[in-house]
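Subject: Structure handover

Hello,

Here is the structure for you to look over. My notes follow below it.

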Amino acid sequence: MAKYQKLLKTKDGKYNYHFNWIGGGFNDVWAINKKEAIKEIARQFTVLKPDLSTMYKATQEEADAMNRLGWMMTC
């Protein structure tokens with residue numbers, strides 16, 4: 001049986017959305033819903049294109065794993 005984990009959510013109702021970039025790499029944004037997450041990506045990143053099929057709301061465990069990957073890539 002799968003273990004349930006709470007999604008990351010701020011006090012103002014924003015979820016942590018993870019996604020990959022077309023061509024490689026990954027990132028995340030905080031938004032209330034997927035539509036707003038897409039707008040936030042467009043606002044923050046004008047050159048890179050997200051692969052929207054990879055977008056998902058993250059749990060704490062998923063966010064920690066993404067951070068570990070990012071740290072390993074910078075060393």
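**Salt bridges in the first helix**

Lys39 and Glu36 form a salt bridge, with their closest N and O atoms 3.5 Å apart. Please keep in mind that this is a predicted model. The two residues sit 3 apart in helix H1, which covers residues 34-44, so about one helical turn separates Lys39 from Glu36. Lys39 is partly exposed, at a relative accessible area of 47%. Glu36 is partly exposed too, at 35% relative accessibility.

Glu40 makes a salt bridge with Arg43. Here the closest N and O atoms are 2.6 Å apart. Glu40 and Arg43 also lie 3 residues apart in helix H1, so about one helical turn lies between them. Are Glu40 and Arg43 buried or exposed? Glu40 counts as buried, because its relative accessibility of 18% is under the 20% cut-off. Arg43 is exposed, with a relative accessible area of 58%. The count comes to 2 salt bridges.

**The sheet**

Next, the strands. An open sheet of 3 strands runs in the order S2-S1-S3, and the pairing is antiparallel. S2 and strand S3 (50-57) are the edge strands, each pairing on one side only. On average, neighbouring strands of this sheet are turned by 30° against each other, direction ignored.

How many bridges join S1 to S2? There are 6, between strand S1 (residues 15-21) and strand S2 (residues 26-31). One pair to look at is Asn16 with its bridge partner Trp30 in S2. The hairpin of S1 and S2 has 4 residues between the strands. In that hairpin, Gly23 takes a positive phi near 100°.

On the other side of the pairing, S1 and S3 are antiparallel over 4 bridges. Trp21 has Pro50 as its bridge partner in S3.

Helix H2 (residues 60-74) lies across S1, S2 and S3. Its direction is about 140° to S2.

**Two buried strand residues**

Start with Asn16, in strand S1. Asn16 is buried, at 2% relative accessibility. What does the side chain of Asn16 make polar contacts with? One polar contact goes to the side chain of His18, at 2.8 Å. Another goes to the side chain of Asp28, at 2.7 Å. Leaving aside neighbours within four places in sequence, Asn16 is in contact with several residues, including Leu8, Val29, Tyr56, Lys57, Ala58 and Ala63. Asp28 and Trp30 are also among its contacts.

Now Val29, in strand S2. Val29 is buried, with a relative accessible area of 1%. Which residues does Val29 contact, leaving aside its neighbours within four places in sequence? They are:

- Tyr15, Asn16, Tyr17 and Phe19
- Ala37, Glu40, Ile41, Gln44 and Phe45

Take Ile41 from that list. Val29 and Ile41 are 12 residues apart in sequence, yet their C-alpha atoms are 7.0 Å apart in space. Glu40 is on the list as well. Glu40 thus appears twice in these notes: as a contact of Val29, and as the salt-bridge partner of Arg43.

**Where to look**

When you open the model, try Asn16 with His18 and Asp28. Then go to Val29 and Ile41. Finish on helix H1, with Lys39 and Glu36, then Glu40 and Arg43.

Best wishes

Definitions and conventions: Residues numbered from 1 in each chain as written. Predicted model: local features only at pLDDT ≥ 70, side-chain atom pairs only at ≥ 80, totals over all residues. Heavy atoms only, no water. Salt bridge = Lys/Arg side-chain N within 4 Å of Asp/Glu carboxyl O. Buried < 20%, exposed > 50% of the residue type's maximum accessible area, 1.4 Å probe, protein only. Pairing = 2+ DSSP bridges. Contact = heavy atoms within 4.5 Å. Polar contact = N/O pair within 3.5 Å; in protein donor to acceptor, adjacent residues only side chain to side chain. Axes fitted to C-alpha atoms, helices over the stretch in contact; angles between N-to-C directions.
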